[in-house]
Amino acid sequence: MFLTLLWVAVPSLLASGLLTGSQVAPVHLIDAPSHALEIDGLEIFAPRSEPRAEEPADEPQPEPQDAARTTQGAAVTLGGKPLFNVEASIGTKSRAERATEASRAIRAAATNSQIPLEDFRLNDLPNNGVTQILAGEELLLAVTQADANVAEIPREALARRHLEEIKDGVIEYRNTRSPQKLLAGLGKAAIATLIFALLFSLINRLFKGIDQKIESSDRFRIRTLRLGSRELLSAQQATNYLIRFSGLLRIVALLTLISIFINTVLSFFPATQSVSIGIFSSIFSVFSQLFFGFLGYLPKLIFLVILGYAAIYLMRFSRFVFSEIDKGDLSIPGFDRDWAVPTERIAQILILALFAVIAFPYLPGAGSDAFQGISIFLGILISLGSSSAIANIIAGILLTYTRAFKLGDEVEIGDVAGDSS
């Protein structure tokens, strides 16, 4: 009775705003058909006003599938092409072992032209629960009840399906390896060899002509590259670089032609088609990785080039400023002329160090563990081997900027005495 009154009163009070505030526990409706309430974590169930409907029975849960169904079977192949999968093990033989044995037996039967296609048949052994697939008297595969359970079809139907797949594979295997196909492949290979020889000679002549034009100043004039009055690259150096670049392009073109020729000739023969596909895919994957890797690195390369030019011009500017101070054409209050040369050298080192730190993350492989390990190792070697040199450098800097000695002072260094000059 108390629960019924509570069920009626609490919602009314909540609706009228009388039970609002921080001291009232929250009330939640849990289950409308069962009239259940939750007050501050406490569930209260009121009696039903009408008979409770019969709850539906729990639906049966699907049984877990067999492990053999969820895993991919081992493929039985013929001539590099898959025929079907073996998805069940027998005793100590795994699926891969059964597939390997079946592939060898089918290839031997397909190669033996003395076995006609009509001799590929089934031999059912119901007492043993096995249906054999035979080629003449040779066993190709034993289809068991375990195979049928995985495939969820009768054993005889599964064996018949595998037999048809084997026959289709044998027909294709024998047709592609017939004497007519072999002769056709040899003819195509001869034509490809002739075209290869012509293209090889053409590429050699083409690059030889390019080299002659580069060396000939009458047809292909190369000028000296200058920056202001300074010669950056002489004409002879530019000519040599262009000839070497032409030789590199020639090697790349010939290697590409040779790889295409080998891949094409191998594709003419069924026995080597899988090899040609593997060679082509390997070469294509290498070049695609190089190409897309270069495209991905191109923004970083542009940044490094800009950064290098900025470092060069900043070093030139610092050299110009300190040379003017050293000559006396530029004076800075409190900065002695004797400090110009050492300060210029320190500034050059600091500029190189700063730009090296900025450029380090943009170098190829900078994020790899090997690159970082080598960098740490070299840093440790330099720090250990140059401890005395760094001490002498710091001592020299202190002597220079504290003006402990000047030109013309009498000094004594060890057993040697004289004037500093």
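This passage describes the fold, the nonpolar cores, a surface patch and the salt bridges of one chain.

The structure is a predicted model, in which local features need pLDDT of at least 70 and side-chain atom pairs count only at pLDDT 80 or more, whereas totals for chains, interfaces and linings use all residues. Residues are numbered from 1 along each chain as its sequence is written, and side-chain values use heavy atoms, with hydrogens and water left out.

The chain holds eleven helices and twelve strands, where helices (H or I, at least four residues) and strands (E, at least two) are DSSP runs numbered from the N terminus. Of its 421 residues, 23% are buried; buried means under 20% relative accessible area, exposed means over 50%, and partly exposed lies in between, with a 1.4 Å probe and protein chains only. About 29900 Å² of the chain is exposed, and carbon and sulfur atoms supply 63% of this area, as given by the Shrake-Rupley method with a 1.4 Å probe, where for residues only the protein chains shown count as cover.

Strand β4 (residues 74-78) shows an alternation of side chains, with Ala 74, Val 76 and Leu 78 buried on one face, while Ala 75 and Thr 77 point to the other and are not buried. This strand pairs with β5 (residues 81-86) in the antiparallel sense over five bridges, two strands being paired if DSSP finds at least two bridges between them. One of the bridge partners joins Ala 75 to Asn 85 in β5. The two strands form a hairpin with two residues between them, and Gly 79 in the turn has a positive phi of about 65°.

Both strands also contribute to the largest nonpolar core, to which β4, β5, α3, β7 (130-135), β8 (138-144) and α5 (155-176) each give two or more residues. A nonpolar core is a set of buried Ala, Val, Leu, Ile, Met, Phe, Trp, Tyr and Cys residues joined through side-chain atoms within 4.5 Å. Among the 24 residues of this core, Ile 106, Phe 120, Leu 140 and Ile 166 touch the most other members, and α5 supplies the largest share, six residues. Leaving out residues up to four places away in sequence, Ile 166 touches Leu 83, Phe 84, Ile 106, Phe 120, Ile 133 and Leu 140, contact meaning heavy atoms within 4.5 Å.

On the surface, a nonpolar patch of about 1200 Å² includes Phe 291, Leu 298, Ile 302 and Tyr 313. Such patches are made of residues with over 30% relative accessible area and no salt bridge, like charges being joined within 9 Å and nonpolar side chains (Val, Leu, Ile, Met, Phe, Trp, Tyr) within 5 Å. Ile 302 lies in helix α8 (residues 273-327) and is partly exposed, at 45% relative accessible area.

Eight salt bridges are found in the whole structure, each being a side-chain nitrogen of Lys or Arg within 4 Å of a carboxyl oxygen of Asp or Glu. Asp 124 and Arg 155 meet in one of them, at 3.1 Å from N to O; Asp 124 lies in strand β6 (residues 120-125) and Arg 155 in helix α5, so the pair ties together parts that are 31 residues apart in sequence. Asp 124 is partly exposed at 33% relative accessibility, whereas Arg 155 is buried at 9%, and Asp 124, Arg 155 and Glu 156 are linked in a network of salt bridges.
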